[in-house]
Amino acid sequence: MAERVSITLNNNNGSFLLSPPPKSTTTMSSSLRTTTAASRLLRSSSSRSTLTLSASTSLSFARSLVSSPLLSSSSFSQKRSRVASVNRSFNSTAATKCSASSDPDQLKNAREDIKELLNTKFCHPILVRLGWHDAGTYNKNIKEWPQRGGANGSLRFDIELKHAANAGLVNALNLIKDIKEKYSGITYADLFQLASATAIEEAGGPKIPMKYGRVDASGPEDCPEEGRLPDAGPPSPANHLREVFYRMGLDDKDIVALSGAHTLGRSRPERSGWGKPETKYTKEGPGAPGGQSWTPEWLKFDNSYFKEIKEKRDEDLLVLPTDAAIFEDSSFKVYAEKYAADQDAFFKDYAVAHAKLSNLGAQFNPPEGIVI
Ligand code: HEM
């Protein structure tokens with residue numbers, strides 16, 4: 001059984017250890033905010049919080065405190081000596097073995113909390129993007145974990161969050177920070193993928209055959225270099241998509257099916273540089289208004305992305321060069337046409353491709369994973 005340790009994080013001014021969410025955090029309209037939901041999400045005003053961690057998780061947790069954007073640097077410096085002593089208590093073997101994974105009961109409870117979050121904040125799209133950007137750094141040509149990238153939770157570290165492709169994802173981390181704190185027995189890697197799969201399902205998408213038990217990368221030094229995620233406007237979009245997704249071990253069918261995730265969400269010029277500041281579909285929200293969506297009902301997961309990309313008939317809807325490529329490239333087009341005509345076929349292939357994506361590069365404990 002794992003040795004356990006208690007870390008007491010105590011600030012003296014009662015402000016706890018978290019920075020306020022940035023202004024651009026996706027927010028629900030106040031009229032929809034219920035007292036119950038708000039009270040669930042509100043932080044305890046206690047100035048003292050005790051976190052109990054298994055020995056195997058404590059080192060990675062302590063390291064993540066150093067670079068997590070969720071923690072203010074001043075509060076961290078006050079805690080540096082305590083974190084250092086936690087580091088000393090657990091030798092590097094514990095860290096390199098990385099045996100920590102997630103608790104099945106906590107995963108189930110966290111899933112319910114994620115559903116509540118989705119119902120109140122309408123943040124399905126950004127949670128899907130969070131899971132994808134953690135997993136999508138995987139390089140099948142690198143054997144070592146976590147250097148190979150993928151679904152290992154490394155996106156929680158500042159250095160990776162600051163990659164240009166991840167613009168805006170700090171908002172996703174802020175949205176789930178309370179859930180992460182509540183369930184210390186769940187890894188970041190699992191929480192990102194749980195949030196993403198739950199968002200797809202809750203938006204009306206297919207049930208994703210997920211497994212859990214992903215081990216977390218330990219520190220910022222484990223983050224992949226910038227540039228592993230796809231560009232939206234490369235010189236040759238189809239070639240670029242193949243280069244990036246083949247490196248992940250995915251194929252043409254996966255590329256087209258996964259592109260269908262853009263049925264959800266919006267692009268914001270102030271984040272990615274793509275899309276209009278607002279359209280008739282986004283100016284009222286829900287959530288923070290603005291941006292340009294790919295589909296009119298951008299909180300509903302269906303096959304409308306393929307229909308809209310094929311028609312390109314509405315200037316208020318976005319078509320990135322990489323989206324257009326799925327109807328221009330002859331191999332991609334077979335799948336894109338099929339999904340535009342047959343939502344069941346899309347859902348079936350999407351569920352398989354999403355599960356594959358969520359497992360990329362992951363180290364599971366137990367090796368067969370945990371099904372909840
Ligand atoms: C095929 C290559 C892809 C490219 C070039 C691409 C590019 C982009 C860009 C530029 C944005 C806008 C970000 C912003 O301004 O906030 C975006 C958003 C999004 N992407 Fe992708 N993406 C790709 C694949 C995927 C995949 C595979 C998924 C999931 C399986 C995905 C899910 C999403 C979602 C849900 C959003 C909306 C986020 C929001 O509304 O906050 N994308 N993507």
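Start by selecting the ligand in this predicted model together with the 23 residues around it, among which Pro125, Ala261, Gly265, Ser267 and Ser272 come nearest. Colouring this shell by residue class will show 12 nonpolar, seven polar and four charged residues.

Next, keep the ligand in view and display the elements that line it: α6 (124-135), α11 and β3 (266-267) each supply at least two residues of the shell. Of the elements around the ligand, α6 gives the most, with five residues.

From α11, which spans residues 252-259, move to helix α10, since the buried residues of α10 pack against α11 as well as against α13 (321-328) and α14 (330-341). Select residues 237-247 to bring up α10 itself, and then pick out Pro237, Ala238, Leu241 and Phe245, which are buried. Looking down the axis of α10, you will find these four on the same side, because they cover an arc of only 95° around that axis. Turn to the other side of α10, where Asn239 and Glu243 are exposed. Following the chain onward from α10, select Gly249, a residue whose phi is positive, near 85°.

Finally, zoom out to the whole protein chain, which holds 15 helices and four strands, and colour its 372 residues by burial, of which 44% are buried. If you also draw contacts between residues at least 6 apart in sequence, 79% of them join residues at least 24 apart.

Notes
Residues numbered from 1 in each chain as written. Predicted model: local features only at pLDDT ≥ 70, side-chain atom pairs only at ≥ 80, totals over all residues. Buried ≥ 20, exposed ≤ 12 C-beta atoms within 10 Å, placed from the backbone. Arc of directions from axis to C-beta. Contact = placed C-beta atoms within 7 Å. Near = placed C-beta within 6 Å. Nonpolar A, V, L, I, M, F, W, Y, C, P; charged D, E, K, R; others polar.
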